[in-house]
Amino acid sequence: MLKRIPEPDLMDSDEQAQAYASADFSDANKIFLSTMLYVSSSLHGKAILDVGCGGGLLSEPISRIGANVTGIDASVKNIKIAKLHSKKNKLKIQWFFIT
């Protein structure tokens, strides 16, 4: 069996996870989301898996347009931030810490 070796840039500290969650990726995220909407005429009701979701910066807008989103990340700190943020915004997103 292969031994899993975590990525070296994994968010291990609260400070790293918070800095990543607070970073401004809005331009890149808008391009990504508009491309997704172009490819799929509607994401409403579709199941979306956000692998490496971080703090949920893409999961949240995808959820707002009606997709059923599940976010997974190898950083428990990022998942905690994503859970807090989506709860504050009343979004129903499933979050999982997976390694």
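# A tour from the loop at Lys 90 to the crossing of two helices

Begin by selecting Lys 90, which sits in the loop that runs between helix 4 and strand 3 (94-97). The model in front of you is a predicted one, and the values given along this tour are computed from it. With Lys 90 still selected, look at its backbone, where phi is near 55°, a positive value in a residue other than glycine. Is the residue buried or exposed? Lys 90 has a relative accessible area of 74%, and because exposed means over 50%, Lys 90 counts as exposed.

Now step back and show the whole chain as a cartoon, so that its elements can be followed from one end to the other. There are four helices and three strands in the chain, and along the sequence they follow the pattern α-α-β-α-β-α-β. If you colour by accessibility, buried residues account for 38% of the 99 residues in the chain. Switching to a surface view brings up an accessible surface of about 7,000 Å², of which carbon and sulfur atoms hold 60%. Of the contacts in the chain between residues at least 6 apart in sequence, 51% join residues at least 24 apart.

Next, select helix 1 (residues 14-22) together with helix 4 (residues 76-88), and turn the view until both can be followed along their length. The axes of these two helices come within 9 Å and cross at roughly 50°. That angle lies neither under 35 degrees nor in the range 65 to 115, and helix 1 and helix 4 are therefore oblique to each other. The crossing of helix 1 and helix 4 is right-handed.

Which residues make the contact? Show the side chains of Asp 14, Ala 17, Gln 18 and Ala 21 on helix 1, and those of Lys 77, Asn 78 and Ile 81 on helix 4, since these are the residues that form the contact. By type, the residues where helix 1 meets helix 4 are three nonpolar, two polar and two charged.

For the last stop, keep Lys 77 selected, a residue of helix 4 that also takes part in the contact with helix 1. The relative accessibility of Lys 77 is 23%, and this residue therefore counts as partly exposed. Add Gly 54 to the selection and draw a line between the two C-alpha atoms: Lys 77 and Gly 54 are 23 residues apart in sequence, and the C-alpha to C-alpha separation in space is 8.7 Å.

Definitions and conventions. Residues numbered from 1 in each chain as written. Predicted model: local features only at pLDDT ≥ 70, side-chain atom pairs only at ≥ 80, totals over all residues. Heavy atoms only, no water. Buried < 20%, exposed > 50% of the residue type's maximum accessible area, 1.4 Å probe, protein only. Contact = heavy atoms within 4.5 Å. Areas by Shrake-Rupley, 256 points an atom, 1.4 Å probe, with all protein chains shown as cover. Axes fitted to C-alpha atoms, helices over the stretch in contact; angles between N-to-C directions. Parallel < 35°, antiparallel > 145°, perpendicular 65-115°, else oblique. Left-handed = near helix turned anticlockwise from the far one by under 90°. Nonpolar A, V, L, I, M, F, W, Y, C, P; charged D, E, K, R; others polar.
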